[in-house]
Amino acid sequence: MGTLAGKRIVIGVTGGIAAYKAVEVCRRLVDAGAHVSPIMTKGAEHFIGRSTLSALASEPVQSSLWDEESPIPHTRLGQGADLVLVAPATARLIGAYAAGISSDLLTATLLATRAPVLVCPAMHTEMWEHPAVHDNLATLRRRGVHVLEPEAGRLAGGDVGRGRLASPEAIVAAVERLLTPADLHGRTVLVTAGGTREPIDAVRVIANRSSGKQGYAVAAEAASRGAHVVLVSTVDLPVPAGDVQVVPVETAAQMQDAVDRHAASCNIVIMAAAVADFRPVTAASGKIKKDSGAPQIVLEATPDILASLGAHKPAGQVLVGFAAETSDLLANAQAKLLRKNLDLIVANDVSQPGVGFHHDTNAVTIVRRHGEPLTVSLSDKREIARAVVDAAVAILAPHSEP
Ligand code: PMT
């Protein structure tokens, strides 16, 4: 299950044209498994219908301090929340919250909660740049309220400028970040991603089908939990958000060199890359011409990067391998775990539909040196990454130095 599964989120919607985007935010949060309780201000009702938000949220919209069943609704929602989100937040709401004024259900909820609060302002550029709004937001930030700044773009009435509500994707990503445990704060995690390419000549390579998606998902998960991530990568995917340092490589030798330079100072090393097992003994410097007939390509074994890491593993470091198998999944994975001196190995049966190379999904069994195997059925690669990082964190000694 994802970060948001089972989380109780209050979404406060105030009166601005961007209120329509709150509907999409609400839908995404519910789809991700959160329990969403919506509050609308009177102003919001000028822009979207209560029934729209009620239909998509986990419970009906509330907006009054007085006509709810509970005698104390103003504290109930705030006290039970894991997070309170206000999107869009008008200048009025921001001012009332900064001043500690509780004049409606939303401001009362904001004052009654101890949960993290994420405020997503949206207003015209002149209002956004007004010193009063600026000061009020500074006050909220000082008190620990999180603010997702508006974007520049088209505003109501045809104006263009800064003040447009952040996108629903950005809002949901910010909510996820706030609800993700920062259990890797201060830790360094090395992740390898993608398939190595071993040159045959100036234009041809021996490659494999790895897209790098699983490795990048692991890097994104570790970074979202506060780690400094060194991502040794053979592919050119968007760099995950957070403290991620990409080290581009192409061949197994380059990957080994990059891994060897960084691994000793890492708390966790996760080898998700598909490293070629064989490479041509020599690579022709030019393009091999086809008129001389099919060339004889002599192969040699590449270095086993993971086995070498296992042989020199610093005390306290958690070493994680992946195993791409097509038969005897658990027995093969278990043998690799022991042979390469790993703490965990993530076994995927890449002969199964939707599993392994190139797909957006994967299904794995995480084999542990100590403990029963953990199975994660077919899921998004980020979900798999979460389970892998959870398993690594569970055996990471507190304050361990690699
Ligand atoms: O990149 P995607 O398209 O998202 O696909 C994900 C994946 C299928 C590549 C990934 O889930 C995966 O299984 N990665 C490991 C693939 C692999 O090389 O498996 P292996 O069983 O051959 O190797 C076992 C382990 O040894 C791996 O951690 C590998 O990185 C490492 N190894 C292998 C050979 C070698 N010379 N050096 C190594 O370090």
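UniProt positions are given here in the numbering used for this chain, and such annotations may be inferred rather than shown by experiment. Keep that in mind as you work through these exercises on a predicted model.

**Exercise 1. Find the annotated domain and work out where its two ends lie.**

Start with the record: an unreviewed UniProt entry lists residues 184-393 as "domain: DNA/pantothenate metabolism flavoprotein C-terminal". Next, go to the two end C-alpha atoms of that span, which lie 8 Å apart. Finish with the make-up of residues 184-393: 26% is helix and 29% is strand.

**Exercise 2. Get a feel for the whole chain: its elements, its extent and its surface.**

First, count the elements: the protein chain has 13 helices and 19 strands. Then lay the C-alpha trace along its principal axes, where it spans about 80 × 50 × 40 Å. Of the 402 residues, 50% count as buried. On the outside, the accessible surface comes to about 18600 Å², and carbon and sulfur atoms make up 53% of that. For the charges, take the mean position of the 37 positive ones and that of the 40 negative ones; these two points are 1 Å apart. Last come the contacts: among those between residues at least 6 apart in sequence, 64% join residues at least 24 apart.

**Exercise 3. Check the length of helix H1, then list what its buried side packs against.**

Helix H1 runs over residues 19-31, so at 1.5 Å for each step between its 13 residues you'd expect 18 Å. In the model, H1 reaches 19 Å from its first C-alpha to its last, close to that value. Now pick out the buried residues of H1: Ala19, Lys21, Ala22, Val23, Val25, Cys26 and Leu29. Yes, a lysine is on that list. Their packing partners include strands S1 (8-13), S2 (35-40), S3 (83-89) and S7 (160-164), along with helices H2 (50-56) and H8 (168-179). After H1 comes Gly33, with a positive phi near 100 degrees.

**Exercise 4. Decide whether Met123 is buried or exposed, and name its contacts.**

Place the residue first: Met123 sits in the loop between strand S4 (117-121) and helix H6 (125-128). Its relative accessibility is 9%, and the cut-off for buried is under 20%, so Met123 counts as buried. Now skip its neighbours within four places in sequence; Met123 then contacts Ala89, Thr90, Ala91, Ile94, Trp128, Val133, Leu155, Arg162 and Gly163. As a last step, try Ile200: Met123 and Ile200 are 77 residues apart in sequence and 58 Å apart in space, C-alpha to C-alpha.

Definitions and conventions: Residues are numbered from 1 along each chain as its sequence is written. This is a predicted model: local features need pLDDT of at least 70, side-chain atom pairs count only at pLDDT 80 or more; totals for chains, interfaces and linings use all residues. Side-chain values use heavy atoms; hydrogens and water are left out. Helices (H or I, at least four residues) and strands (E, at least two) are DSSP runs, numbered from the N terminus. Buried means under 20% relative accessible area, exposed over 50%, partly exposed in between (1.4 Å probe, protein chains only). Contact means heavy atoms within 4.5 Å. Accessible areas come from the Shrake-Rupley method with a 1.4 Å probe; for residues, only the protein chains shown count as cover. Lys and Arg count as positive and Asp and Glu as negative; His and the chain ends are not counted. The place of a charge is taken as NZ of Lys, CZ of Arg, CG of Asp or CD of Glu.
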